[in-house]
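Here is a short briefing for a computational chemist. Please look over the structure before reading the points below.

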Amino acid sequence: MDPSAYKGIIALLGNPVSHSLSPVIHNAAFRASGYDMRYEAVDVPPSELESVVNRIRRGDYAGANVTIPHKESVMEHLDALTPAAASLGAVNTIRVIHSGADNRFARLEGDNTDASGFAKTLAPYGTRLKDSSCVVWGAGGAARAVVYTLLHRFHVSRVTLISRSVDRALGLARSLGAPGSRIRALPWEAGTEVFENASLLVNATPLGMTPQTDTTPCTNPGVLRRNQIVYDLVYNPRNTRLLRDARAHGAETIGGLEMLIAQASQSFRIWTGTEMPVDIVRTELDRYLRENA
Ligand code: NAP
């Protein structure tokens, strides 16, 4: 299709949104693709969420991303959910589905690309992950997408959640409908034995994130080892303390920027039906992070 056929504004609905890297990613991708599209961060207080969603329905926006704190509350304002969004109970991407003469009717479908983005980045490790044991620090929205993906896409045998609040972790396990034998929840003071057989460790907390770059969820780096994959969802800074410790102990590492780009590329495909020029986006993001470090 002629690139000029792709038009419109994609909104990022969140509160706050000013620090998001998504505008850098998507505007680079739209420019490189030759699309007449723009990605705009829109700061939406909870009381205004419904009216902003209705602006998407009226055509002011051609689609949207949704971020904290609206990922769950936005669902009641949409017309349909994909199976991923329904299972996760969270939406991060809104697709506008037009129908009728002159595309008069617009239905809004909520999707979730956090889980599929995470899955894409881990795909090269699929064989190693199958039937293995994994550890996830944190029990919030990102942990939920991670656990869902590990169980349903990679068929790991067990996920151990390490969380400040064991009740929150147990709630996460229950809501994903996983049998107790496949998810267990432990407090932060869990012993080192939980790491012994783990093939993958994932940080799904903000520990290590700017400005607290000296923090890490792994207070005993001695548990990190070769033949282990350590994945830090934190992407600012790129090289977190957890990743440095993991590399120093011979583990393989994946940084949060990979998931950020992967989930964005899947949202891009949902809105445009085309592939994001990921290499150009990565170069642009590197440049942006260097200049704004
Ligand atoms: P969230 O829903 O607020 O959950 C945060 C989790 O971290 C909760 O379990 C929270 O525990 C725990 N936590 C927070 N501060 C902690 C501390 N000081 N010590 C121990 N635990 C702590 O946030 P989220 O959306 O899941 O995001 C989590 C992290 O993942 C963030 O850093 C975010 O930037 C990153 N993320 C990255 C991507 C990506 O594409 N790379 C995507 C999504 C999220 P409590 O329940 O006790 O508060």
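The notes that follow cover the ligand surroundings, a pocket, the cysteines and one serine contact.

This is a predicted model. The ligand has 20 residues around it. The second largest pocket holds about 350 Å³ of space. Disulfides number zero in the structure.

**Ligand surroundings**

- Ala139, Ala142, Arg164, Arg168 and Gly256 come nearest to the ligand, out of the 20 residues around it.
- Alanine 139 places a backbone N or O atom 2.8 Å from an oxygen atom of the ligand.
- Glycine 256 has a polar backbone atom 2.9 Å from a nitrogen atom of the ligand.
- Leucine 260 has a backbone N or O atom 3.3 Å from an oxygen atom of the ligand.

**Second largest pocket**

- The volume of the second largest pocket is about 350 Å³.
- Its lining is made of 19 residues.
- Lys7, Ala62, Val96, His98 and Trp271 are the lining residues that lie nearest the centre of this pocket.
- Three elements each supply at least two lining residues: β1 (7-14), β5 (93-99) and α10 (256-272).
- β1 gives the most, with four residues.
- By class, twelve lining residues are nonpolar, four are polar and three are charged.

**Cysteines**

- The structure holds zero disulfides.
- Cysteine 134 is in no disulfide, and the nearest cysteine sulfur, that of cysteine 218, is 15 Å away.
- Cysteine 218 is likewise in no disulfide; for this residue, the nearest cysteine sulfur is that of cysteine 134, 15 Å away.
- A pair of cysteine sulfur atoms counts as a disulfide within 2.5 Å, so a separation of 15 Å does not qualify.
- Is cysteine 134 buried or exposed? Cysteine 134 counts as buried, because its relative accessibility is 0%.
- Cysteine 218 is buried too, with a relative accessible area of 3%.

**Serine 132**

- Where is serine 132 found? Serine 132 sits in the loop between α5 (126-129) and β7 (133-137).
- Serine 132 counts as buried, because its relative accessibility is 10%, and the cut-off for buried is under 20%.
- The side chain of serine 132 makes a polar contact with the side chain of serine 199, at 2.7 Å.

Methods. Residues numbered from 1 in each chain as written. Predicted model: local features only at pLDDT ≥ 70, side-chain atom pairs only at ≥ 80, totals over all residues. Heavy atoms only, no water. 1 Å grid on protein atoms, 1.4 Å probe; cavity = no way out; pocket = protein on both sides within 12 Å on 5 of 7 lines; lining within 4 Å. Points joined across faces, edges and corners; volume = space filled by probe spheres on them. Nonpolar A, V, L, I, M, F, W, Y, C, P; charged D, E, K, R; others polar. Buried < 20%, exposed > 50% of the residue type's maximum accessible area, 1.4 Å probe, protein only. Near = heavy atom within 4 Å. Polar contact = N/O pair within 3.5 Å; in protein donor to acceptor, adjacent residues only side chain to side chain.
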